[in-house]
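Hi,

Here is the structure I promised to pass on. Have a look at it first, and then read my notes underneath.

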Amino acid sequence: MTFPKTYRIKSFGCQMNVYDGERMAELLSARGMAPAQGDEADLVVLNTCHIREKAAEKAYSDVGRLTREDGSRPLVALAGCVAQAEGAEAQRRSKLIDMVVGPQAYHRLPEMIAEAAEGRRTVDTDMPAISKFDALPRRKRSGPSAFLSVQEGCDKFCTYCVVPYTRGAEISRPFVDIVAEAEELVAGGAREITLLGQNVNAWGSDNRDLAGLIRHLAGFSELERIRYTTSHPVNMSEGLIAAHADLPKLMPYLHLPVQSGSDRILRAMNRSHSVDSYLRTIEQVRAARPDIAISGDFIVGFPGETDEDFEATLRIVDAVRYAAAFSFKYSPRPGTPAATMENQIPQAIMDERLQRLQARLAEHSTAFNQACVGRTVPVLIDRVGRRPGQMIGKSPWLQSVFVTTDAKIGEMVEVRLTHALPNSLGGELVAMAEAA
Ligand code: SAH
Ligand code: SF4
Ligand code: F3S
């Protein structure tokens, strides 16, 4: 087989995978390949997630579906966290996987593809000392809203979580490299940058912390918005909280997962924060930036979770009044301490708890959206809507906003929010003179 000409990359899981998928696309394009039109790619990269069992199983069923009606198939690369967790085992499970490449090794894809084109299967799940970032091409074009990975890996070892195993130890990219990439993104059209890391607020390099990095980026005149995710409660420093008070470009949104509202469960999860310390952090953040939207992650049915523990989770939801949230049933992951704990919770109980939790979370997110109606806010246009003349953008609180305007993608417009829908808001354009 000759070297493939077209590629398709499918990313699952968190934003760090989305970022990695973009970098892989840029890498393959720099080597002369083109994104496939339609379904007929010569190479398919499945950029996978290992966080819950369903996500991981999806990877294999997707591989199975790549064989075409005439029996031929594209070259297949398994990338991302399933690749890292399974390594060579993945190729024993499926004959259709030509390459297995981990999240720290994907800069080697071009060589692996050359090998695969000659019929040799390869595995690279190294976490090399020389960072992949040094081997990747520069960023050229960007949409209005760009992701930038600044921190990878995790040393926290929550007892349910695979990330410390699939992404390795916490590392921070050097300050100068991040600034250079941010400059490339802004020159390529980005107006908003979201700094990414599994524990992004633990970022530190060259005597700077995340607050220092954000303060520096806020000085870029063409960059209008800065966000960061995901944060860990124990790394929410005073300096970072203060940045929310001082920097208008730092958007009023904080994703701060809590997982459970029960101290007993938080201890069993090895979360290293308590309900009280979490609530105190939220209080400080709200004192610094009263209009901030708080979002969170929750797990129901962690081993040993009682009805009382679960009621405590509902109480913390009411106390914080989350603007948005992700909630999951606990999924036992191979190799993690929680997978072998006693008192695993039956599915039926998990189902019931998840339903009750999601209903409660929906009440708060609806209330948050409704409270925004009547306000006039800047909206960064990022998509074309379905109706004629309709555009879609993001509010400072990360809500999707629908508005009729002739503004183009990448422009910021002032919108009066007129009505709240379940997952978005509608609004009217405010005349520029009126807005000023
Ligand atoms: N580093 C981030 C995100 C980790 S993964 C953090 O600590 O918050 C994203 C979310 O997936 C977690 O916050 C958690 O709610 C969920 N999650 C992780 N492992 C899980 C598991 N084994 N079962 C169910 N949900 C899980
Ligand atoms: Fe997983 Fe915990 Fe690390 Fe988040 S902090 S990535 S949940 S181990
Ligand atoms: Fe999934 Fe890996 Fe992200 S396991 S959530 S893709 S770090």
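Below is what turned up, starting with how to read the model and then going through the ligands, two helices and some single residues.

This is a predicted model, so local features need pLDDT of at least 70 and side-chain atom pairs count only at pLDDT 80 or more, while totals for chains, interfaces and linings use all residues. Residues are numbered from 1 along each chain as its sequence is written, chains are lettered from A and ligands numbered from 1 in the order in which they are written, and side-chain values use heavy atoms, with hydrogens and water left out.

**The ligands**

Ligand 1 has 15 residues around it, the closest being Y160, Q198, Q259, D297 and S331 (a residue is near a molecule or strand if one of its heavy atoms lies within 4 Å of it). By class, that shell has 6 nonpolar, 4 polar and 5 charged residues. For the classes, Ala, Val, Leu, Ile, Met, Phe, Trp, Tyr, Cys and Pro are nonpolar, Asp, Glu, Lys and Arg are charged, and the others, Gly among them, are polar.

Here are some polar contacts to look up (pairs of N or O atoms within 3.5 Å; within protein, one must be able to donate a hydrogen and the other to accept it, and residues adjacent in sequence count only if both atoms are side-chain atoms). A polar side-chain atom of Q259 is 2.7 Å from an oxygen atom of ligand 1. Y160 uses a backbone N or O atom, 3.0 Å from a nitrogen atom of ligand 1. In the side chain of R52, an N or O atom sits 3.2 Å from an oxygen atom of ligand 1. Taken alone, ligand 1 exposes 540 Å², and the protein buries 89% of that (areas are from the Shrake-Rupley method with a 1.4 Å probe; for residues, only the protein chains shown count as cover). Two elements, β15 (293–300) and β16 (324–329), give two or more residues to the shell around ligand 1. Helices (H or I, at least four residues) and strands (E, at least two) are DSSP runs, numbered from the N terminus.

Around ligand 2 you'll find C154, K156, F157, C158, Y160, C161, V163, P164, N199, H232 and R271. They divide into 7 nonpolar, 2 polar and 2 charged.

Ligand 3 is surrounded by C14, N17, T48, C49, H50, I51, C81, R167 and Q198. That shell has 4 nonpolar, 4 polar and 1 charged residues.

**Two helices**

Helix α1 covers residues 15–30, and its 16 residues reach 23 Å from first C-alpha to last, close to the 22 Å expected at 1.5 Å a residue (the expected span is 1.5 Å times one less than the number of residues). Its buried residues are M16, N17, Y19, D20, G21, R23, M24, L27 and L28. Buried means under 20% relative accessible area, exposed over 50%, and partly exposed in between (1.4 Å probe, protein chains only). Just after α1, G32 takes a positive phi of about 90°.

The 13 residues of α8 reach 18 Å from first C-alpha to last, close to the 18 Å expected. In α8, the buried residues are F175, I178, V179, E181, A182, E184, L185 and V186. Their cover includes α1, β7 (145–149), β10 (192–196), β11, β12 and α9 (210–217), with contact meaning heavy atoms within 4.5 Å. G189, just after α8, has a positive phi of about 120°.

**Single residues**

R173 is in the loop between β9 (171–172) and α8 (175–187). Is R173 buried or exposed? It counts as buried, because its relative accessibility is 7%. Leaving out residues up to four places away in sequence, R173 touches Y19, F133, L148, S149, V150, I178, E181, W203 and S205. The R173 side chain reaches the backbone oxygen of S149 at 3.0 Å.

Now for the backbone. Most residues other than glycine have a negative phi, and most peptide bonds are trans. D206, in the loop between β11 (204–205) and β12 (208–209), has a positive phi near 50°. D206 is exposed, since its relative accessible area is 55%. N270 also has a positive phi, near 60°, and counts as partly exposed at 37% relative accessibility. The peptide bond from T229 to T230 is cis, with omega near 0°.

Cheers
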